[in-house]
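Trainee: Could you pick one part of this structure and go through it slowly with me? I'd like to look at the annotated active site.

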Amino acid sequence: MNLTSQYADLTMAKEVFHSTEPLQLESGEVLRKFDLAYTTYGQMNAKKSNVIWVVHALTGDSNAAEWWNGLIGEDKFFDPGRHFIICANLLGSCYGSTHPFSENPDTGIPYFYDFPQVTTRDLAASLERLRQHLGIERIQTLIGGSLGGQVCLEWALTLGQKLDNAVILASTAKTSPWVIGFNETQRMAIESDCTWGECHELAGSKGLETARAIAMLTYRHPDDLLIKQSEREEKTDGFRASSYLRYQGKKLAKRFNALSYWTLSKAMDSHDLGRGRGGVEIALGKIEAKVLSIGVNSDLLFLSSECQFISQKVKRGTYKEIKSTAGHDAFLIEFEQLAYFLQSFYLEQR
Ligand SMILES: CC(=O)SCCNC(=O)CCNC(=O)[C@H](O)C(C)(C)COP(=O)(O)OP(=O)(O)OC[C@H]1O[C@@H](n2cnc3c(N)ncnc32)[C@H](O)[C@@H]1OP(=O)(O)O
Ligand SMILES: N[C@@H](CCO)C(=O)O
């Protein structure tokens, strides 16, 4: 199916992969079948050497050319005229892939609160199924930020020599207690919503608003709010920072649901590349691909030191740092710096 995107003049296709092979999860549970919605841009070349696989962050979807429109599109760094770009909606997310409101084949009704816990390793395993289904033998670049970067690291390790380059943005090899702590406060906000526990799509949605408001503070930097949300006049109440966070909470609750948020924030907590592999340093050392790890100087969530650590422990690592007041979300915003870092990374390989 060919569609024209309103965001760029490019050929895209939207498909759903129906996996009927059971997926064994780290928890011991099994997903008997699952769907992954995915979007592709451009065409694979004859050598099958132009595959760019994008992994989205916590609340993203497969429309990578929309939310990364400064990097993907005609004449952008990743250009569908030259690259075959693919992005799949992560398992557990509500943009077309199997998630808590999908039918549980064992019961014939939605999973709701019985949706199994998935880890970043499980998410990578589900993407691997899609790769095999599509007959993609080689991935030129696997790229993702935050939760997406965690899934990329997991997958990069198991892809071995089938992957040439991994670009990991604002992410980490093992989720820190700091990040788990923020995720827990957000889940506590969801739990305190009296509709949490009910079986419908709006269950926990007021709690989700609060969760997103908390999360936004971790995605921004104090300087960013100072620049954008300072008051223009003296006042004692009704602050712009307050309405901004409330607005952001409502904005997410309109397009996402609390159960998917719960599932994916737990997946983020689970992330430990070194689990069962002798620790993160050993695991990072087993990644065959060249790795570009990009940190953000103002990231208060996934610290730039964590990003630097990745580049130091892989066999062939490079570290670059985005300078921005935007905080963690700079990886979704600072396109000029990103394109420059990518350009130099690929040039160094020639
Ligand atoms: C269907 C989908 O959307 S799929 C998913 C797409 N999203 C993703 O993939 C997740 C990644 N993207 C993101 O997290 C975000 O889009 C980002 C980080 C790239 C940008 O975040 P934004 O929310 O656009 O930027 P920012 O923090 O500056 O906030 C701007 C918004 O807050 C509003 N706002 C700003 N100040 C205030 C205030 N004081 N009071 C109320 N609202 C305010 C603006 O009007 C604007 O609203 P809009 O989004 O309706 O246009
Ligand atoms: N702003 C990102 C989360 C941070 O990686 C999102 O909503 O997916």
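Mentor: Sure, let's start with the ground rules and then work outwards from that site. This is a predicted model, where local features need pLDDT of at least 70 and side-chain atom pairs count only at pLDDT 80 or more, while totals for chains, interfaces and linings use all residues. Residues are numbered from 1 along each chain as its sequence is written, and chains are lettered from A and ligands numbered from 1 in the order in which they are written.

The UniProt "active site" annotation, from an unreviewed entry, covers Ser146, Asp299 and His328. Such positions are given in the numbering used here, feature names are shortened, and annotations may be inferred rather than shown by experiment. These residues are spread over 183 residues of sequence, yet they cluster in space, with a largest C-alpha distance of 10.8 Å.

Take His328. You'll find it in the loop between β11 (317-322) and α11 (335-348). Those labels are DSSP runs numbered from the N terminus: helices are H or I with at least four residues, and strands are E with at least two. His328 is buried because 26 other C-beta atoms lie within 10 Å. The scale is simple: 20 or more other C-beta atoms within 10 Å of a residue's own means buried, 12 or fewer means exposed, and in between is partly exposed, with C-beta atoms placed from the backbone. Leaving out residues up to four places away in sequence, His328 touches Ser146 and Asp299, and its other contacts include Ala170, Thr218 and Tyr219. Touching, or being in contact, means that two C-beta atoms, placed from the backbone, lie within 7 Å.

Asp299 sits in another loop, between β10 (290-296) and α10 (304-313). With 28 C-beta neighbours inside 10 Å, Asp299 counts as buried. On the same sequence rule, Asp299 touches Ala170, Ser304, Gly327 and His328.

Now for Tyr219, which belongs to helix α5. Its C-alpha atom and that of His328 are separated by 4.6 Å, although the two residues are 109 apart along the chain. Tyr219 is buried too, because it has 22 C-beta neighbours inside 10 Å. Again skipping residues up to four places away in sequence, Tyr219 touches Leu301, Gly327, His328 and Asp329.

That last contact brings us to a second UniProt annotation, "binding site", again from an unreviewed entry, which covers Arg212 and Asp329. They are spread over 118 residues of sequence but cluster in space, the largest C-alpha distance being 13.4 Å. Asp329 is in the loop between β11 and α11. Asp329 is buried, with 22 other C-beta atoms within 10 Å. Its contacts, not counting residues up to four places away in sequence, are Tyr219 and Arg220. Arg212, meanwhile, lies in helix α5 (residues 205-219). Arg212 is buried with 24 other C-beta atoms within 10 Å, and it touches Gln248, Gly249 and Leu252, with residues up to four places away in sequence left out.

What surrounds ligand 2? Its shell includes Ser146, Tyr219, His328 and Asp329, alongside others such as Gly60. To be counted near a molecule, a residue must have its C-beta atom, placed from the backbone, within 6 Å of it. This shell divides into 3 nonpolar, 4 polar and 1 charged residues. Ala, Val, Leu, Ile, Met, Phe, Trp, Tyr, Cys and Pro count as nonpolar, Asp, Glu, Lys and Arg as charged, and the others, Gly among them, as polar.

Ligand 1 has 15 residues around it, the closest being Gly60, Trp67, Ser243, Tyr244 and Tyr247. Helix α7 (residues 240-255) gives the largest share of that shell, 5 residues. By class, the ligand 1 shell has 6 nonpolar, 5 polar and 4 charged residues. Domain 1 (3-175 + 271-348) and domain 2 (179-267) each supply at least three residues to the ligand 1 shell; the bounds come from an automatic or database domain assignment. The centres of the two domains, taken over C-alpha atoms, are 24 Å apart. Their contact takes 27 residues from domain 1 and 20 residues from domain 2.
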